[in-house]
There are 4 protein chains.
Amino acid sequence: MNTFGEHWSFTSFGESHGVAIGGVLDGVPAGLRIDFALIRSELERRSGKGVVGASARAKNEPDEVEWLSGVMDGVTLGTPIAFIIRNKDARPEDYEWMKNTYRVGHADKVYEQKYGIRDWRGGGRASARETAARVVAGCMAKQELAQKGIAIKAALVQVGAETDPDKFADVIAAYQKEGDSIGGIVECRVSGLPVGVGEPIFDKLQAHLAFAIMSINACKGFEYGTGFGGVTQPGSAVNAISGGIAGGISDGTEVLFRCVFKPTPSTPKAGVKGRHDACVATRAVPVVEAMTALAIVNLI
Amino acid sequence: MNTFGEHWSFTSFGESHGVAIGGVLDGVPAGLRIDFALIRSELERRSGKGVVGASARAKNEPDEVEWLSGVMDGVTLGTPIAFIIRNKDARPEDYEWMKNTYRVGHADKVYEQKYGIRDWRGGGRASARETAARVVAGCMAKQELAQKGIAIKAALVQVGAETDPDKFADVIAAYQKEGDSIGGIVECRVSGLPVGVGEPIFDKLQAHLAFAIMSINACKGFEYGTGFGGVTQPGSAVNAISGGIAGGISDGTEVLFRCVFKPTPSTPKAGVKGRHDACVATRAVPVVEAMTALAIVNLI
Amino acid sequence: MNTFGEHWSFTSFGESHGVAIGGVLDGVPAGLRIDFALIRSELERRSGKGVVGASARAKNEPDEVEWLSGVMDGVTLGTPIAFIIRNKDARPEDYEWMKNTYRVGHADKVYEQKYGIRDWRGGGRASARETAARVVAGCMAKQELAQKGIAIKAALVQVGAETDPDKFADVIAAYQKEGDSIGGIVECRVSGLPVGVGEPIFDKLQAHLAFAIMSINACKGFEYGTGFGGVTQPGSAVNAISGGIAGGISDGTEVLFRCVFKPTPSTPKAGVKGRHDACVATRAVPVVEAMTALAIVNLI
Amino acid sequence: MNTFGEHWSFTSFGESHGVAIGGVLDGVPAGLRIDFALIRSELERRSGKGVVGASARAKNEPDEVEWLSGVMDGVTLGTPIAFIIRNKDARPEDYEWMKNTYRVGHADKVYEQKYGIRDWRGGGRASARETAARVVAGCMAKQELAQKGIAIKAALVQVGAETDPDKFADVIAAYQKEGDSIGGIVECRVSGLPVGVGEPIFDKLQAHLAFAIMSINACKGFEYGTGFGGVTQPGSAVNAISGGIAGGISDGTEVLFRCVFKPTPSTPKAGVKGRHDACVATRAVPVVEAMTALAIVNLI
């Protein structure tokens with residue numbers, strides 16, 4: 001339920017305005033020297049520091065990781081690695097109004113219907129804050145993959161109708177000024193993947209990537225290779241475009257996929273108070289990389 | 001690897017031109033009276049009978065299910081249900097030429113690279129024939145869901161650039177005549193789903209649906225709700241369009257998703273002999289329903 | 001539920017007096033040449049051929065394996081291997097009396113309470129006949145392990161109070177003559193196991209062995225190393241007796257464990273008709289080996 | 001690897017002399033009011049407070065649980081519950097001598113062989129201290145089971161050859177005085193279990209109990225019902241003794257099993273310094289209850 005993967009198994013926990021969020025990574029081999037600087041910079045990237053339209057909380061609360069187990073002198077022991085990030089800038093009082101309200105387009109109502117109880121403080125478990133733990137775990141997966149020559153690189157390629165990256169900041173700023181928000185598309189490339197990753201029937205590489213990516217908040221679609229756009233092309237034309245995968249198995253070429261993030265529904269224009277993002281897709285980029293890394297490290 | 005789901009666990013087996021394909025369904029409750037007529041008609045639908053552009057084999061080989069266990073007098077016993085469909089129309093000799101050839105756009109080469117051996121007869125395990133077993137299992141899942149008031153209905157909504165269903169047969173026939181093939185988009189609606197299906201973090205309903213659908217051969221993309229098209233809409237406009245899911249959990253409204261199937265690469269135009277389809281998306285429709293049913297029955 | 005193991009995953013199916021029993025083995029590497037003679041001789045050993053006190057059915061029905069998938073020219077393809085053994089000597093009519101009766105010491109009653117339905121024909125799924133499928137799967141696991149230099153050897157070491165193997169046949173014959181039955185202890189040795197098999201916390205080697213062995217019908221206990229007898233020995237005396245396992249992990253020495261099988265409760269003396277064994281422990285020996293092989297091959 | 005159970009999933013982490021030990025419990029239903037007093041008293045029981053022969057550390061270090069997530073106002077949220085117990089009385093310096101030494105009868109050597117690295121401080125992950133996290137998780141499982149009328153009660157029934165509980169303290173004290181240690185047998189009864197818990201083939205109730213119990217450090221054997229002692233009894237005599245389980249499924253009567261713990265090998269007599277127990281079986285009693293509760297709550 002809150003665990004991803006069977007070999008490099010990542011369990012995530014924590015509420016947005018509780019004591020801490022965190023995770024346990026089980027299955028990480030012994031002897032990996034943790035790149036703490038990489039983790040710090042990826043968390044900063046996710047936090048939206050320096051990003052136009054990112055929420056105030058993101059910018060105020062630098063995420064500091066406390067390592068509880070599985071590491072000795074910066075090197076993994078082969079035992080489960082538990083870590084936490086304390087919620088220092090938690091302001092439950094900002095969310096008192098949410099106690100008896102369900103925000104439109106959020107999970108507040110279904111949580112209460114499903115569990116009969118919910119942590120109303122800032123979305124609780126449903127908050128995007130949970131993705132910080134994914135980024136920490138993803139960084140470790142990336143390190144493991146890098147040792148095998150595998151690199152994962154995601155980028156924002158569309159905001160609204162705009163596809164020129166130089167103009168993204170302006171587009172987002174315009175929506176922010178209106179108290180509104182806008183969606184975006186993230187593209188991700190995996191290079192260096194050897195032939196043979198993925199299983200032929202259900203556990204296809206693309207199925208695992210889709211599962212990982214669609215588990216990110218606000219993601220509404222996943223496509224690889226020719227994707228949805230390929231529907232108008234005849235077989236004779238698209239024959240050789242594999243997107244890096246054949247029959248569910250990596251074919252040794254670059255894997256390329258795209259995913260779309262909806263605009264956040266909690267906006268001043270929609271009458272929702274709190275700290276929000278004008279374009280969540282910008283901050284989703286490192287999360288896409290993290291989930292891709294976790295999906296792949298579990299298949300190898 | 002060849003098993004889908006943990007509660008209604010479906011294990012698929014069989015090569016396209018071996019003795020038989022089949023499956024084992026474990027976790028089906030005792031006392032379910034099997035609807036053999038439904039299974040027969042769904043297999044016929046998958047086989048492409050009466051469908052323009054479907055391959056010859058599909059039409060010649062009616063799939064007959066042999067039940068090996070788990071059923072007594074047409075009623076499930078609560079024990080594993082094993083069934084097989086024999087490969088009566090297998091013609092390995094038609095595929096002798098494949099023994100030392102890898103077809104472009106197919107999994108032949110990666111199989112051999114991954115396993116060091118492959119059943120070259122008609123694609124072996126990678127053949128779309130394997131989906132017949134999925135359809136049998138999916139029918140049983142549909143029956144179980146129907147008892148709970150849940151209905152799953154998929155339909156072809158686009159072929160090439162064409163979106164008028166009345167014109168699909170003509171479009172496909174035209175590509176077939178050219179010895180070419182074309183892609184299509186399938187839309188699926190799940191109605192009657194109660195609030196609360198899906199888990200908030202990794203095991204989101206949309207993630208499980210994407211995993212199930214992307215595991216179908218030739219599927220290149222999955223989207224739900226506003227999907228990729230929603231990227232150009234501001235948050236203020238799409239606020240209330242959930243696609244039936246909020247925060248990974250069904251919200252009680254109809255779930256709607258779409259998926260895209262590429263054209264088959266094995267065409268006369270591409271120089272590939274054998275029995276092929278001009279538009280695999282047509283035959284994918286019952287497979288989409290089957291996988292959707294299996295995904296949902298495993299989450300409930 | 002009917003699946004054992006996550007890597008070399010074995011799914012068992014079939015009722016004792018249905019069409020067939022069988023199994024699916026998923027995860028077996030490609031390129032393994034199946035030793036059909038070994039499988040035949042192990043099935044014969046399990047069937048009790050030539051064993052004093054074995055039931056009539058066992059002796060009359062040679063188990064013939066039909067291979068449905070995953071094998072081409074006697075070599076595994078890396079795809080799921082499905083096989084069945086037909087129930088040729090099924091005589092449901094012999095068991096008509098069981099339809100409305102629950103046998104003491106058998107699972108008849110709990111099955112009906114759990115499922116609301118049961119296959120009353122000879123115990124259905126609960127019959128020891130199901131272990132034939134385990135033996136087939138276990139043989140393949142043994143072959144894989146043999147290639148790694150690992151050998152598994154079990155033997156009956158006690159029948160009733162008797163520990164001299166030369167006298168076992170006489171003891172069993174005496175109970176059989178009385179229309180009664182008797183228990184036995186099986187000892188199993190695993191040699192050639194490299195250091196490092198098993199995980200330190202929950203997935204200890206001994207925990208997985210115990211799970212595998214206790215899943216065999218009629219098994220009432222499992223012990224390894226010093227076992228229950230060691231309770232009277234001080235630490236200073238047993239210090240160096242590991243039973244081949246330290247902290248849940250194989251230590252490179254021979255692994256030795258023992259398990260006990262109760263006498264079958266269905267005896268003429270207890271007023272139960274049908275075909276029964278005077279000492280099920282004798283026929284359990286190859287099943288113990290099979291389950292040990294499956295447990296170990298899944299941990300390596 | 002460090003996770004137990006699929007429904008009430010418990011992940012354990014932490015080294016004996018690291019920052020903390022702890023765990024994450026996923027799948028606990030929302031709305032359970034945590035019995036903090038029960039947890040405190042069970043931890044004290046495990047710590048050996050007031051127990052003859054318990055080690056010094058046990059008595060000096062009261063285990064205080066910090067709750068990090070999944071709980072609001074003492075009530076579970078349905079989200080993962082993370083908790084830690086800090087290692088306040090950690091004294092790595094006491095174990096400096098272990099850095100380059102492998103203790104006989106301990107896992108030190110196999111850890112280093114398996115992982116190429118180990119936390120030598122007090123046994124690291126292999127330390128019995130890890131069982132404190134199991135006790136916390138087990139308490140929550142017990143609470144859940146208690147609500148269903150299920151009670152779990154374990155007791156020490158044998159120390160060395162002694163079976164009179166009034167004499168256990170004297171026996172242990174005698175071994176302690178000698179700088180030696182002694183084994184013991186724990187008996188556990190589960191009452192109130194409804195009919196139908198456990199699955200017929202591999203996931204038998206006794207197999208899951210054996211797996212859970214054999215995963216406890218120092219446990220060398222598990223038996224239920226007639227156990228090993230029953231081997232000398234004919235079928236006609238033991239017919240009706242089920243041990244609460246028939247065909248792998250609970251039959252509605254009390255479940256009774258026994259397990260044996262070896263004496264600790266690290267004794268002054270064996271030349272091992274540090275803080276040790278003269279009879280680990282005494283402190284194993286609450287751990288047996290905890291693992292039994294976790295096994296059963298995962299099967300229900």
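Which residues does Phe83(B) touch, not counting residues up to four places away in sequence? In this predicted model, the list runs to Gly22(B), Gly23(B), Val65(B), Glu66(B), Trp67(B), Leu68(B) and Val136(B). Phe83(B) itself sits in strand β7 of chain B, which covers residues 81–86. Is Phe83(B) buried or exposed? It has 24 C-beta neighbours inside 10 Å, and the cut-off for buried is 20 or more, so Phe83(B) counts as buried. For a sense of scale within the chain, take Ala174(B): Phe83(B) and Ala174(B) are 91 residues apart in sequence, and their C-alpha atoms are 38 Å apart in space.

**How the chains meet**

Now to the pairing of chains B and C. Here 33 residues of chain C are in contact with 33 residues of chain B. On the chain C side, strands β2 (9–14), β3 (20–26) and β7 (81–86) each supply at least two of the residues that touch chain B. Sorted by class, that side of chain C has 15 nonpolar, 14 polar and 4 charged residues.

The two copies also superpose neatly: a turn of 180 degrees, with a shift of 0.0 Å along the axis, lays chain C on chain B with an RMSD of 0.0 Å. The pair is thus related as by a two-fold rotation axis. What's more, 100% of the interface residues of chain C are also interface residues in chain B, so the copies meet through the same surface.

Other pairings look nothing like contacts. Chains A and C are not joined by any contact, and chains B and D do not touch either. Here are the gaps for those two pairs:

| Chain pair | Distance between closest C-alpha atoms |
|---|---|
| Chain A and chain C | 9 Å |
| Chain B and chain D | 9 Å |

**A helix pair in chain C**

Inside chain C, helix α6 (residues 205–214) packs with helix α8 (residues 280–299): their axes come within 9 Å and cross at roughly 140 degrees. That makes α6(C) oblique to α8(C). As for handedness, α6(C) passes α8(C) in a right-handed crossing.

Which residues do the meeting? From α6(C) come Leu205(C), His208(C), Leu209(C), Ala212(C) and Ile213(C), while α8(C) brings Val288(C), Met291(C), Thr292(C), Leu294(C), Ala295(C) and Leu299(C). By class, this contact has 9 nonpolar and 2 polar residues, with no charged ones.

Notes. Residues are numbered from 1 along each chain as its sequence is written. Chains are lettered from A and ligands numbered from 1 in the order in which they are written. This is a predicted model: local features need pLDDT of at least 70, side-chain atom pairs count only at pLDDT 80 or more; totals for chains, interfaces and linings use all residues. Copies are superposed by least squares on the C-alpha atoms of residues with pLDDT of at least 70 in both. Two residues are in contact if their C-beta atoms, placed from the backbone, lie within 7 Å. Axes are lines fitted to C-alpha atoms, for helices over the stretch in contact, and angles run from 0 to 180 degrees between N-to-C directions. Helices (H or I, at least four residues) and strands (E, at least two) are DSSP runs, numbered from the N terminus. Angles under 35 degrees count as roughly parallel, over 145 as roughly antiparallel, 65 to 115 as roughly perpendicular and the rest as oblique. A crossing is left-handed if the near helix is turned anticlockwise from the far one by less than a right angle, and right-handed if clockwise. Ala, Val, Leu, Ile, Met, Phe, Trp, Tyr, Cys and Pro count as nonpolar, Asp, Glu, Lys and Arg as charged, and the others, Gly among them, as polar. A residue is buried if 20 or more other C-beta atoms lie within 10 Å of its own, exposed if 12 or fewer, and partly exposed in between; C-beta atoms are placed from the backbone.
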